[in-house]
Every structure is written in C-alpha cells, then in structure tokens.
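Please open the model in a viewer and set it to show side chains as sticks. The tour below proceeds by selections, from a single side chain outward to the whole chain.

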Amino acid sequence: MPDIRLIALDLDGTVFDDEKRISARTLQAIRAALDRGVDVVPATGRQAGGIPAEFLQMPGVRYALTANGASVVELASGRSVVRLPFDDVLAQQVLAAVQPFGGVIGVFIDGACYGDPDSAARVESTCPPALLPYVRASRQVVPDMPACLAAHPGQVEKFSILYGDAATRDAAWAAVAAACPGAEITSSVPCNLEVNAPGVNKGRGLMALAAELGLAPAQVMACGDSGNDLAMIRLAGLGVAMANASPDVLAAADAVTLDNNHDGVAAAIETYVLGA
C-alpha cells in the first residue's frame, strides 16, 4: 500500500454526487484518513466561499485549494500558502474575449466571486439545476466588470463562465486562446469554461502545498473527474480517476475508482490509504 500523507479531492463530480451531496460513507472515510494524520484537502475550481461546510467544519482539515490552484489557504490562520493571480492586463484581456459570448460570467477575486447584471439575469436559464443554489449564493453582482477588475489589482484568480450550449462555450474557448496565448483553459461541468493565468492549475497548487508540508509527490493522492483535475491527476504520485471521469482523465490516471454516485472517493481512500 502506498504511503499517502496528502489527499486532494475535487468536489463537483468527485466528492459530490450528482445532487451535490456528500455521502455518509465518504465523510466517514475522510474522517478516518484525518484520524491517521493524513491531510485531506478540498481541491476545487470553486472560490473559497464555495467550499462546503462539511469540509470547513471537519476537525483536521487544515488547507483548501481553490480557484483551480490559484489559491491555497491555511484555514485556521487564513495564511496564503499559494497565491497565483492573473497579471492585471491579461485579466482584462480575458474578460474582453469572453463578454461577447454572453453566458453566466463569474470572476474570482481574492476568494469571492463577482458577476454583472446580464449574467445574473441568465442564471436561471443557463445554470444546471443542481448548481443553482451554489451559483446564486456565491455571486456578487457589480454594475461594471472591467471597473471591478481594475479596483482589485493583483487579486483576480480565475474566470468561470457557464454557457447554454457547447457550441457557444467552444467559440468562447477559441476566442480566449487566440486573444490570450498561454492562458490555462479548462472545463469542469458541461458547457462551462474556466480560465486561469498561464501555468496555474490544480497540479501546480497541490505540488506547492506538498512541498510546504515536506512531502514527496509519491505521498500525494489526487481524485478527480474533469479537465481541470488533469494536471493534479498527472502530478500526484497516485492519480485516481472517478469512473464518471472524462476520457483524458481516465487515460492519465494511475487507478480508477467507482463513480461519484457510488462512493468512489470513499472506495479510493479505503483501498489506498486505510487498507480496508
């Protein structure tokens, strides 16, 4: 059995089932790993305010990786372990590239998420039903997005945009790639687009945290299902794909567990950490 000392867990499609719930078995497995002195870290594309209370209130959970690795925070102190924001000019270029395509635009700034009135008006018709409560609760509406970015220099962590169809998402993806070469572009749920600064991804954030803890990559396990998990699946000593993972994640993984509706995270922790 590998000597796993750090577990990184994606949330949507991984820890959460399709109804955005965390099963009792998964919570029990996480607690058992924590009781053995293993760090368990939510590793999410969500902003800091989107981490579920089940994690934040669980004794022993010390760190959170958010915004696809742009921010890793020590929860008790608020200390930034990793901080990888956009260059201010590039952030404005990304915004300009995506705005013509509509969608529900969210800009993650220093742990919060901001959107404009047009995006707020499109939430009900665009957002998948299971994500609606999270999106409603997490977006702060501002009248002028370029001005909002300008008011927060050096603090823009990520862009997250939901579209009503894949064709529009793909067109926006191409526009960002053309206007902002090197930007890290991924997706985590159907018809969404996620953009980070060049070289910023969950893998980079996770390896920085491992180094902070004095751990080798071989002592790190990562579980995920989507394109924004690919870098950490590749870099972790044990990359575990959910059975519901995208083909590229399945191909990159060292192991495959059950899907997110059948306690796949619990099964992986039980097998590779607890030896059950």
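Select Asn 201 and Glu 184: in this predicted model, their side chains are joined by a polar contact of 3.3 Å. Keep Asn 201 selected and add Gly 203, whose backbone nitrogen lies 3.0 Å from a polar atom of the Asn 201 side chain. In the cartoon, Asn 201 belongs to the loop that runs between strand 11 (192-196) and helix 9 (202-212). Is Asn 201 buried or exposed? Its relative accessibility is 15%, under the 20% limit, so Asn 201 counts as buried. To display its surroundings, show Asn 68, Gly 69, Glu 184 and Ala 231, which are in contact with Asn 201 when neighbours within four places in sequence are left aside.

Next, select Asp 10, located in the loop between strand 1 and helix 1 (11-15). Which side chains make polar contacts with that of Asp 10? One is Thr 14, at 2.7 Å; another is Lys 202, at 2.9 Å. With a relative accessibility of 3%, Asp 10 counts as buried. Expand the selection to the residues that Asp 10 touches, not counting those up to four places away in sequence: Val 15, Ala 43, Lys 202, Cys 223, Gly 224, Asp 225, Asp 229 and Met 232.

From Asp 10, move to the strands. Strand 1 (residues 6-9) pairs with strand 2 in the parallel sense, over four bridges. Label Ala 8 and Val 41 here, since the former stands opposite the latter, in strand 2. Now colour the whole sheet: five strands, in the order 2-1-12-13-14, form an open sheet with parallel pairing. Which strands lie at the edges? They are strand 2 (39-42) and strand 14 (255-256), each of which pairs on one side only.

The nonpolar interior is the next stop. Select Phe 86, Leu 149, Phe 159, Leu 193 and Leu 206, the residues with the most contacts inside the largest nonpolar core, which has 61 residues. Helix 4 (residues 88-98) contributes the largest share of this core, six residues. Apart from this core lies another, of 31 residues, including Ile 4, Leu 11, Met 58 and Ala 266. Return to Leu 193 and show its contacts; leaving aside neighbours within four places in sequence, they are Val 98, Phe 159, Ser 160, Ile 161, Tyr 163, Arg 169, Ala 172, Trp 173, Val 176, Ile 185 and Thr 186.

Finally, clear the selections and view the protein chain as a whole. The cartoon shows 12 helices and 14 strands. The radius of gyration is 18 Å, close to the 19 Å that the globule rule gives for 276 residues, so the chain is as compact as a globular protein of that length. Along its principal axes, the C-alpha trace spans about 50 × 35 × 35 Å. Colouring by burial is informative here: 56% of the 276 residues count as buried. A contact map adds a further view: among contacts between residues at least 6 apart in sequence, 62% join residues at least 24 apart. Switch to a surface representation to end the tour; the accessible surface comes to about 10700 Å², and 54% of this belongs to carbon and sulfur atoms.

Definitions and conventions
Residues numbered from 1 in each chain as written. Predicted model: local features only at pLDDT ≥ 70, side-chain atom pairs only at ≥ 80, totals over all residues. Heavy atoms only, no water. Helix = DSSP H or I, 4+ residues; strand = E, 2+ residues; numbered from the N terminus. Buried < 20%, exposed > 50% of the residue type's maximum accessible area, 1.4 Å probe, protein only. Polar contact = N/O pair within 3.5 Å; in protein donor to acceptor, adjacent residues only side chain to side chain. Contact = heavy atoms within 4.5 Å. Core = buried A, V, L, I, M, F, W, Y, C linked by side-chain atoms within 4.5 Å. Rg over C-alpha atoms; globule rule 2.2 N^0.38 Å. Areas by Shrake-Rupley, 256 points an atom, 1.4 Å probe, with all protein chains shown as cover. Pairing = 2+ DSSP bridges.
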